[in-house]
Amino acid sequence: MKYSIKQICQIVEGRFLQFQRNDTIGSLLTDSRRLIFPDTTLFFALKGPRRGGLLFLDDLYKRGCRNFIIYQEIPLGRYSDANIIAVPDALTALQQLTAYHRSQFDIPVIGITGSNGKTIVKEWLNQLLEDEYSIVRSPKSYNSQTGVPLSVWQMNGSHELAIFEAGISLPGEMRRLEQIIRPGIGIFTNIGEAHSEGFSDIREKTLEKLELFDRANVLIYGSDAGEPAATLKDWAVSLGNRRTERGDIPLRLFSWGHSEQATLLIRSTKKQDRMTTLTAGYRRKDSSDRLDFFFTVPFTDDASIENGIICVCVLLYLEHTVEMIQHKVLGLLPIAMRLELKSGINHCSIINDSYSADLNSLKIALDFLAQQQQHASRTVILSDILQSGRSGADLYREIAGVLQQKKIQRLIGIGEQIGAHRELFEQAGIPRLVFFSSVQEFKTDFLQLHFNNETILLKGARIFEFEEIDRLLSEQVHQTVLEIDLNAMAGNLKQYQQLLRPSTKMMAMVKAFAYGSGSFEIANLLQFLRVDYLAVAYTDEGVVLRKAGITMPIMVMNAEDNTLDALTQYHLEPVIYSFRLLHLFERHLKKEGLSQFPVHIELETGMNRLGFPPEETERLAVALQNPSFKVQSVFSHLAASEEAQHDDFTTRQAAAYLQAAALIRGSLPYSILQHIANSAAIIRHPELQLDMVRLGIGLYGIDSADTHTLDLQEVSALKSTIAQIKHLHSGDTVSYNRKGVAGPGTIIATVRIGYADGYPRSLGNGIGKMWVKGHLAPIIGSICMDMTMIDITGIPDVQEGDEVVVFGRELSVRLLAHWAGTIPYEILTGVSQRVKRVYFEQ
C-alpha cells in the first residue's frame, strides 16, 4: 500500500509549511545515510540528544529526497521543490502513520516481548510457518520506538501472517508500540536485567512489557518465572475485569512450565548427542484431559530449549498436529543473529548475512556494505528470495533498483527465480552479472570467478546453504578469533555523545590498530556515524586508513621525520610538539610548495611526554604566524583524569593549558579548536569539554574511571576452541617445567591460544581462567606459545571443538587484566595480528 503526501499530512495531523505536488510515498526514512529511493521516500527529522534530523535536510535534498516531516519551522528557500510537513514531534508522527497503516489489515499478528529470546523466537516461528503463510516480520532486531514502525510499514496485501518484536527501556514506551503492532497472539519470552535502569523493580518492568498484550486474544508465557509470572497473573485478572466492563472477549492465558497448572506441562527433559527430547502434556482449551507427546529440539543449551518450547506453544495454539510439530521442531536451524565482516581470500572482505534472505534485510545488509570503503569493487552473491508474496518481476525489479542505487559492480545470482529475471538487472545497469542454478554449480565455476580485492556480501535463503560459499571465500586461519561488536561500539559512542554540548566535537582514537580491534573496519564505522575527527599514533596507520577509503580528517600524534612525504601526500594532519619538528615540517612544506597545511599543536602541562612546555608558549605563538601552517587545534594530555585523588593536579593542568591556548588563539587571525578531555574526563570533568573531546578506551566499552554512570558494553570478545581433552592420573604434570600437577580425576582441555596470540604468560598456573560451558576453568601449567591447558574437572558436557571464551561478555577483559596485573589497554592492544578479527552487527 502507498499513501499520498496529502493523506499522510491528515493522518499525522500535521500542516504543510510548503506543498509542491501530491507525491506518492512508498518508503519511510529516519536515518539519512540509508536513502535508496529518493523519489518515493518520506524523511522524518527526529529530535536527537545532540543533533536532530534537521541537520541532514540539505544532504537529503541534494540527493533527490523531496518529502519531509519536521518538528520546527525552517527557512524554506533551500528546499523550494520539497513538500514539508510540520508536526510537534516527528517520532509521534511516524508512529501515528504506521499505527494507521496497521489498522488497514486484518491478519493474524504475533507480538513478542521479553528481555531475551525475542529475535530467536521470531526467526524460528518464521522457519516453522513459512511453508503455510506469506509472512512479514521485523527485520533483524527492529524492536525500538523507531524500529517497530518501520517493521509494521512493510505490511501489504500479500501477507497472511505478521510477526513483530517489541523492546522498551523506559516506562510509557510499550503503550505506543501496542497501538502500532496490535497483536492478537502475544508471546512473553522472559524477564531479565537488560534495560532495567529505567524501572524501579522487576514488577514495574514486567507490567510495562505486558502493555503490549492489552488487546491480544492469547498470551503465551512461562509459568516457572517466579515474580514475573505472578505479576502477569495479577495483571491478567485486572485486564479481565476491564474487558468484562467493556464487553470484550477474555484473554486466554497459555502457560508452559513444570507445574500441573501449566497449559503445556513439561514432564521431563533429556539431553543427548546435541539434542534435547522433552515429554509434555498439553491441556486443550475447555478440556481437563492432557494430550501426552514428546518432541525433540536440535539444541542442548537452556535458552534454545526455552525458545523451542515457546514455538511449540504457538504451533499448538494454531492447531498443528503433534506429528507436524515433531517434524517441524526437529528441523529448527540455528540463527546467526549477526551480520559478520571478516577477511577473505585474495585481499577480499567478506560480509556474511546469509541467515535470512528477504528484501528488507537485504537493504540493511547493503547499507552495511556501503559503509565499507576498503575496496572500490563491491560484489553481491544473492539467492532466490522465497515466499515474498510478490510477483517475481515486481520483486526483482525492486532488488535491481536497490543494487543500482548502492553502486554494486557485480551480482552473482544463485537460484532459478533470480536467474529467470536477468533482464531486469541488465536494465538497471549492473555492470557484471553471473547466474547459477545452485550452490553446487557456483562451486564448480568458483575459480573462474576471480575474486580479488573486493568486498563481497553473501545473502542467501537457508535452503541454499551459503555456508559452503562462505568457507570457499573466507581466509583460512586458526580457530582463535577476536569478535568486535559494531553495535556495541556505536552504542558506546552514543553514550558519550549524550554527555556533550551540541557544539562540542568528537575525536575518536583509533591508534594501535584501534586498540586491537582493527583499524579501517572501525574507522569505516566511525566515519559512517559522523564522528568529527580520527586520531592515529603514526603516519603509516593514517596511510592505511586513507587507502581503505577513509576521507574524514585524521590527526597523526607521533609524526616521524621520514614520513613527512606521506603526511602531505595522504593529507594527514600532524601533531607538532617541538620546535625541531615545526621547522622540519615547515621546510618540507616549502619544498613541496604547500601552504595553509593543517597541523595540531600539543602543549606540555604535566604529562611530561610530548609537547611544548609553558615557557615556550610566547615563542610558539609567534612561530605559528606562518603561511605554511593552518593550526586546526591546540591540545594537551591529562595525566590522571580518572583518579579523584589527583583532581587538584588535573585542575592545575587545565589552567596551564587554557592560559597557553588563549595566548596562541589570540595570536592567530582565525579560530582554532581546543581539546584536553579524554574518555575519563568526559565523564568526570564536564567543564573541560571545550571545543572537542578525545574518546579512546571508552569507545571500546571500558570506563577507566570506574564511574559506572554510562551503559557501556565491551566491544571485543576473544574466543578459541578446545583441541583435545585428556583424563589425567594423580601426580601427572602439565606443560613446560612441570608446574601444573594433576590431582585425582583431573580432566584438562587444550585450548588453541598461547602467548604468540597475545595471551599473557603471567596468567599461567592457576592465575587466569577461561569461560567454558557456563563455568570458569583455571589455567593449569604454564602457557605455551600456541596452546594453553585449562582444568575442566567437574564441568559437564565439555567436548572437543567446544568454544572457549578468553574474554568477552561472560568474562570481562577488565577482570582478565586484573589477574594479569596490567590494564585493559595492554590486553586489547596485545592481541596478535595472527588472530582473525570478525566484525558483526546484531
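The paragraphs below go through a predicted model, taking in turn an open sheet, a buried strand, the nonpolar cores and the cavities.

The open sheet is built from eight strands with parallel pairing. Read across, their order is β30-β29-β28-β27-β26-β25-β24-β31. Two strands stand at the edges, β30 at residues 673-675 and β31 at residues 692-695. Each of these has a single partner strand, so one side of each is left without a neighbour in the sheet. From one strand to the next, the twist averages 30°.

Within this sheet, β28 covers residues 597-603 and β29 covers residues 629-636. Seven bridges join the two strands, in the parallel sense. His 600 is placed opposite Ser 633 of β29. A helix, α24 (residues 647-667), lies across β28, β29 and β30. Its direction makes an angle of about 170° with β30.

Another parallel pair is formed by β19 (residues 377-383) and β20, over five bridges. In this pairing Ile 381 stands opposite Ile 412 in β20. How many of the five residues of strand β20 (residues 410-414) are buried? The count is five of the five, so β20 is largely enclosed by the rest of the structure. The burial applies to both faces of the strand. On one side are Arg 410, Ile 412 and Ile 414, and on the other are Leu 411 and Gly 413, all of them buried. Here buried means under 20% relative accessible area.

The nonpolar interior can be followed next. The largest nonpolar core has 131 residues. Which of its residues touch the most other members? They are Ile 399, Phe 425, Leu 534, Ile 601 and Phe 807. For Ile 399, with neighbours within four places in sequence left aside, the contacts are Leu 359, Leu 362, Leu 382, Ile 385 and Phe 425. Phe 425 is thus named both as a contact of Ile 399 and among the residues that touch the most other core members. A second core, separate from this one, has 40 residues, including Ile 185, Val 218, Val 312 and Val 314.

Last come the enclosed spaces. Rolling a probe the size of a water molecule over the atoms shows where empty space is left. In this model there are three cavities of 30 Å³ or more. The largest cavity has a volume of about 40 Å³. Its lining consists of Tyr 700, Ile 702, Glu 714, Val 715, Ser 716, Phe 807, Val 813 and Leu 828. Phe 807 therefore appears twice, in the lining of the largest cavity and among the residues of the largest nonpolar core that touch the most other members.

Notes
Residues numbered from 1 in each chain as written. Predicted model: local features only at pLDDT ≥ 70, side-chain atom pairs only at ≥ 80, totals over all residues. Heavy atoms only, no water. Pairing = 2+ DSSP bridges. Helix = DSSP H or I, 4+ residues; strand = E, 2+ residues; numbered from the N terminus. Axes fitted to C-alpha atoms, helices over the stretch in contact; angles between N-to-C directions. Contact = heavy atoms within 4.5 Å. Core = buried A, V, L, I, M, F, W, Y, C linked by side-chain atoms within 4.5 Å. Buried < 20%, exposed > 50% of the residue type's maximum accessible area, 1.4 Å probe, protein only. 1 Å grid on protein atoms, 1.4 Å probe; cavity = no way out; pocket = protein on both sides within 12 Å on 5 of 7 lines; lining within 4 Å. Points joined across faces, edges and corners; volume = space filled by probe spheres on them.
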